[in-house]
Amino acid sequence: MTGLLWLVPALPLASAIALLLLRLPRPVAATFGAGSVGLAALVALLASISFSSSGETAYELTLWTWMSIGTFNPGITLHLDALSMVMMGVITGVGFLIHLYSTEYMAHDDGMQRFFAYMNLFVASMLLLVLGDNLLLLYLGWEGVGLCSYLLIGFWYQDSANGAAAQKAFIVTRIGDAAMALGLFLLFAELGTLDIDTLLARATEMWQPGNGTAIAAAALLLSGAVGKSAQVPLQTWLPDAMAGPTPVSALIHAATMVTAGVYLIARMHPIYELAPPVMTAVALAGAATLLIAGISALGQSDMKRVLAYSTISQIGYMFLALGVGAWSAAVFHLMTHAFFKALLFLAAGAVMLRLHHETDIFKMGGLRKKLPAAFWSMLIGGSALASLPLVTAGFYSKDVILLEAWQNGSPNIGGTWLWLAGLIGALLTALYTFRMIFIAFFGEAKQDAQPGTEHSWRVLIPLGVLAVLSIIGGFIHLPLESVLPGAPGEHHGTTATILKLIAGVTSLAGIGLAWLMFGRGEQTQSDSAIARFARSGCGFDWLYDRLLVRPVVAIARLNRDDILDGVFTIIAWGNTALHRGLSATQTGNLRWYASAIAGGVIILFALAQVL
C-alpha cells in the first residue's frame, strides 16, 4: 500500500481544483470536499500500516523530475519515515474531522464551495510540506499553506477587518519566509544539494559544532519557523487570524500551518545540533513565547482569541523541547495538542452556532446545561490543555517536555530556568483555560441559545472522537527512534517523580485559582492597566505599530506622488518642451529656412577655422 502514497496529497489537491473549476450543489460540494480528505486519511492509514510492518526505516516514491539544471535535479519525490508518518496521520485524521464538522458549520454559507476548495488546498500543501524529500518541495508546500491561510483568514472578505487580518498574517509570515529562502540558498551553495537526507549527511561530515555557516543556516531556517509557528517576535498575526471561520482556526492551529515550524526544526535537527547558539535561541524563544502568550490569554474576552493565545503558548512548549534536544517530546506534544486544540475550537464553534456567533465569554454564562455537548467537549479539551494530571493527554506530553528541560537544559542556559518557565506557563495555562470555561459555562445565563440545541451527527462525531483522543492520546507510542535521536522513554527515579508531582500540583493549583477568581458570581471584564496590557498581547502590536507601521505609512504619504515617477515625469516634460520649441521653428516660410541654412553654414565654417 505504500505505493499509493501519492494519493494522500493528490486526493485533496484534485478535489480543490475541481471545486474551484466546477459549479456544484452545496451538498455535493460538501461531500466532495470532506470525502476527499477522508479518503486521503484512509490511504494514509493503510500506507502507514504497510510501512510499519515492512520493517523499513524510510520509503521513497519518485513521481517525476521537477527540473534539471546541471547537477541540480530536484524531483517530485515523497519520503515516508516515522516522522512524516506521524505528521501525515495528524494532518489527514484531524483534518478530516474538521472537514466533517465544516459540512454542518458552513452549510448555509453562500461561499461553501470556495471554502472547501481552499481547505483542501491547505491540506494538500501541508501534506506536500511534510512528505517532500527535498527542501525545494518542502518550501513549495510551505508557501502553499501561507497562501491558503491568507485566503481562509480573509474568507469573509466583505468585512474590511477580515481582509486586514489576512494581510497581516501574509506579511508577517513573509518576513520569516524570506529569511528561510536565504537559508535554502546558503545550504545549496555550501553543500550542493537540497535533498534532505543527502544535505544532512554532508553537513555532518563537513561541519563541526559551532561552525559559522551551520549557525547562519540554522538561524535563517529558525526565522521561517518562528514566522509560521507564531513565536516571538513574529507571533502577532495569529490572534487576528480568528477573523476566519472557526473550522479554519481549528485547521490552522491543530493540524497544519502553526505546526510547520516545529516539523522543520525537527526534520533539520542535525543542522541545529551543529549550531549550539541557535539551539539556545530556539529554547529561549519557546520559553518567552509560552509566558507572553499565557499572560495575554488571561486578558482576553473573546473565546477564540483565548484559544489563539493558548496555541501560541503550546507551540512555545514545543520550541522549548526542540531547544533542549527533546525532539521526540516536541512531536509528541504536537500530536496531543492537535487533538485537544481541534476539540476546543470545534466546541467553541458549536457554542457560536447556538449563540448567534457570539464569542464574548462575558456575554455567555450558564451554558453547561443548555449546550451539554459543547460543555463536555470544552471541559475535556480544556482539561487536556491545562494538563489535568493522569487523565488527559496534555499532561503526559507536557510532562515529558518539563522533565527533558530539567535534565538537558540548553547549550548556554541551565535546565532549571527553562523548567521553571515551563512550570509557570503551566500555571497560567490552567488559569486562563478554566477562567474561560467558568465564565462561559457556569454562573447565570446571559442569553438564550437558538432553538434546536441538539447538534447534528456531523458536529457530534468529530467532538466525540477528538474528546476520546484528548484523553487516551497520551498513551500513544510514537516510533520516532529511527528518525530522531534521544527518543524519550519512561522517566524513573526520585527526581522524575518529584518533578511529575510538582507539575501535577501546579496544574491543579491553576484550576483551583480559576475557580476562586471566576467560578462564582457575576463576572465583568477588568479595565485595570494590567488587564489592558494583557488584552493587548503584552503590547507587541502597539510597539510594532509605532516602530514599523507608522513610519512606513508616513513615508508612503510623503512619497504619495512617488519621487522616482517624478524623475521620469521631468524627462517627459523636457521632451515635450523641446518638441514644442522645435515645432515653433516650422513656420513654412522658405526665406526663413534659407536664412537658417545660410547661418548654419557660416557657423560651421567659423568653427572649422577655429578648430
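A residue is called buried here when its relative accessible area is under 20%, exposed when over 50%, and partly exposed in between (1.4 Å probe, protein chains only). Helices (H or I, at least four residues) and strands (E, at least two) are DSSP runs, numbered from the N terminus. With those words in hand, welcome to the structure.

This is a predicted model, in which local features need pLDDT of at least 70 and side-chain atom pairs count only at pLDDT 80 or more, while totals for chains, interfaces and linings use all residues. Residues are numbered from 1 along each chain as its sequence is written, and side-chain values use heavy atoms, with hydrogens and water left out.

**The whole chain**

The protein chain has 25 helices and two strands. Its C-alpha atoms fill a box of roughly 110 × 60 × 50 Å along the principal axes. Of the 611 residues in the protein chain, 55% are buried. Among contacts (heavy atoms within 4.5 Å) with a separation of 6 or more, 81% are between residues 24 or more positions apart.

**The two strands**

Strand β2 covers residues 75-80, and six of its six residues are buried, so β2 is largely enclosed by the rest of the structure. In a regular strand the side chains alternate between the two faces of the sheet. Both faces of β2 are covered: G75, T77 and H79 are buried on one side, and I76, L78 and L80 on the other. Its partner is β1 (residues 59-65), which runs antiparallel to β2 and is joined to β2 by six bridges; two strands pair if DSSP finds at least two bridges between them. Within this pairing, W64 stands opposite I76.

**Two helices and their lengths**

The expected span of a helix is 1.5 Å times one less than its number of residues. The table sets this beside the model for two helices.

| Helix | Residues in helix | Expected span | Distance between end C-alpha atoms |
|---|---|---|---|
| α18 | 16 residues | 22 Å | 23 Å |
| α21 | 25 residues | 36 Å | 36 Å |

Helix α18 is mostly covered, with twelve of its 16 residues buried. Among them are the charged-type names K398, D399 and E404, along with F395 and V400. The buried residues of α18 pack against α14, α15, α17, α19, α20 and α21. Just after α18 comes G409, with a positive phi near 65°.

Helix α21 spans residues 494-518. Its buried residues include A496, L499, G510 and F518, and the buried residues of α21 pack against α18 (393-408) and α19 (415-441).

**A residue in α17**

I380 sits in helix α17 (residues 372-385). With a relative accessible area of 22%, I380 is partly exposed. Beyond its neighbours within four places in sequence, I380 is in contact with L343, A467, S470 and I471. The C-alpha atoms of I380 and L466 are separated by 9.4 Å, although these residues are 86 apart along the chain.

**Some loop details**

The loop between α15 and α16 (367-370) holds H356. H356 has a positive phi near 55° and is not a glycine; it is exposed, at 53% relative accessible area. H357 lies in the loop between α15 and α16 too, with a positive phi of about 60°, and counts as partly exposed at 45%.

Elsewhere, P233 is found in the loop between α8 (212-228) and α9 (237-240). A cis peptide bond joins V232 and P233, with omega about 10°.
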